[in-house]
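Biologist: I would like a close look at one part of this model, namely the space enclosed inside it. Please take the walls of that space piece by piece.

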Amino acid sequence: MTPDQVRRRALAGFLRSRRERLTPRDVGILAGTRRRTPGLRREEVALLSGVSVTWYTWLEQGRRISVSRQVLEGLARALMLDAAERRHLFALAGEPPEEPDPAEGPGAALQQLVDALDPHPAYCLDAHWNLVAWNRAEAALIGDPALLPPQERNLVRMVFTDPRFRTLLADWPGQARHLVAQFRADARHRVGDPGLTRLTDGLRRESEEFRTWWEAHDIAGFRANRRRFHHPRAGLLTLDYVKLAALDAPGVKLFACVPADAETAGKLPDLLASGAPEAGTTTG
């Protein structure tokens, strides 16, 4: 069989299994006394989801027919699918589901993981690139975000409006411009979002560099990259960044930093012990 045939057969089997697990009582239908079909009948699912019986039958038979998002939503409601089953239905139909609503924070377990990564700097960003979790090593590296008002704990804002970052980052122009390209690529999921609009409009007013690079519409995906820092206490640090998505917290991304050389590895325990730089500390 072709991959498309395999997918359609899997979709048919999944729909049939979800239909057979439901009872008429589950969906508010009177069962009657002469009922031999396990679960719901095809015509009952078709009625509940707003499609024709013939069309739904063809779908369960694995025929090659197109399925719209609206129909999939109707089937998901009719079959009382949970979030994981709904994503599975969309995937089998060849239609990726919409992005889930972003989480407001990392959750207790993810925060514990971030803390456990000390002395390696680690932090979490939400869908708007606000810092929502960080460990002591990260605070020692860039300054403690807890000292900032919550609305200013945004990584992009910090890089472009906090003058310390211009000397903390060994190649500020190159890294800052690449950050804007990554941020624009990530923002495609939230075009028109009021929070995103406020952030970008504010940065365009406050930073000429951000305005220029944002309006260039450069796009860059994330890849494991290396950053160099001139830390005021630890000196030169070279770190490799790894990005992980938190599946139980949609939109939250975990960034972990590992030393790129033995010299940096030897400095990280002392960096952690030194604590966060005080506000206003210059770098060089």
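Which elements each supply at least two residues of the lining of the largest cavity?

Modeller: The model is a predicted one. Four elements each supply at least two residues of that lining: the helices α7 (136–142), α8 (155–161) and α10 (172–186), together with the strand β3 (225–231). Among the contributors, α10 gives the most, with three residues.

As for the cavity itself, a search of the whole structure finds two cavities of 30 Å³ or more. The largest of them holds about 140 Å³ of space. Its lining is made up of 13 residues, and those closest to the centre are L155, V159, F165, L169 and R227. By residue class, the lining of the largest cavity comprises 10 nonpolar residues, one polar and two charged. As background, empty space left between atoms is shown by rolling a probe the size of a water molecule over them.

R227 leads on to β3, where the side chains alternate between two faces. N225, R227, F229 and H231 point to one face and are buried. R226, R228 and H230 point to the other face and are not buried. R227 thus appears twice in this account: it is among the residues closest to the centre of the largest cavity, and it belongs to the buried face of β3.

The strand also has a partner. β3 pairs with β4 (residues 235–245) in the antiparallel sense, over seven bridges. The two strands form a hairpin, with three residues between them. Within this pairing, R226 of β3 stands opposite D240 in β4; R226 is one of the residues on the face that is not buried.

For the setting, the protein contains 13 helices and five strands. Its C-alpha atoms fill a box of roughly 80 × 40 × 40 Å along the principal axes. The radius of gyration is 26 Å, whereas a compact globule of 284 residues would have one near 19 Å. Of the 284 residues, 43% are buried. Among contacts with a separation of 6 or more, 56% are between residues 24 or more positions apart.

One position outside the elements discussed so far is Q5, which lies in helix α1 (residues 3–21). Q5 has a relative accessible area of 33% and so is partly exposed, the range for that class being from 20% to 50%. From Q5 to A256 the C-alpha to C-alpha distance is 41 Å, and the two are 251 residues apart in sequence.

Methods:
Residues are numbered from 1 along each chain as its sequence is written. This is a predicted model: local features need pLDDT of at least 70, side-chain atom pairs count only at pLDDT 80 or more; totals for chains, interfaces and linings use all residues. Side-chain values use heavy atoms; hydrogens and water are left out. On a 1 Å grid over the protein atoms alone, a cavity is a set of points where a 1.4 Å probe fits but cannot get out, and a pocket is an open set with protein on both sides within 12 Å along at least five of seven lines; lining residues have an atom within 4 Å of a point. Grid points are joined across faces, edges and corners, and a volume is the space filled by probe spheres set on the points. Ala, Val, Leu, Ile, Met, Phe, Trp, Tyr, Cys and Pro count as nonpolar, Asp, Glu, Lys and Arg as charged, and the others, Gly among them, as polar. Buried means under 20% relative accessible area, exposed over 50%, partly exposed in between (1.4 Å probe, protein chains only). Two strands pair if DSSP finds at least two bridges between them. The radius of gyration is taken over C-alpha atoms; the globule rule is 2.2 Å times the number of residues to the power 0.38. Contact means heavy atoms within 4.5 Å.
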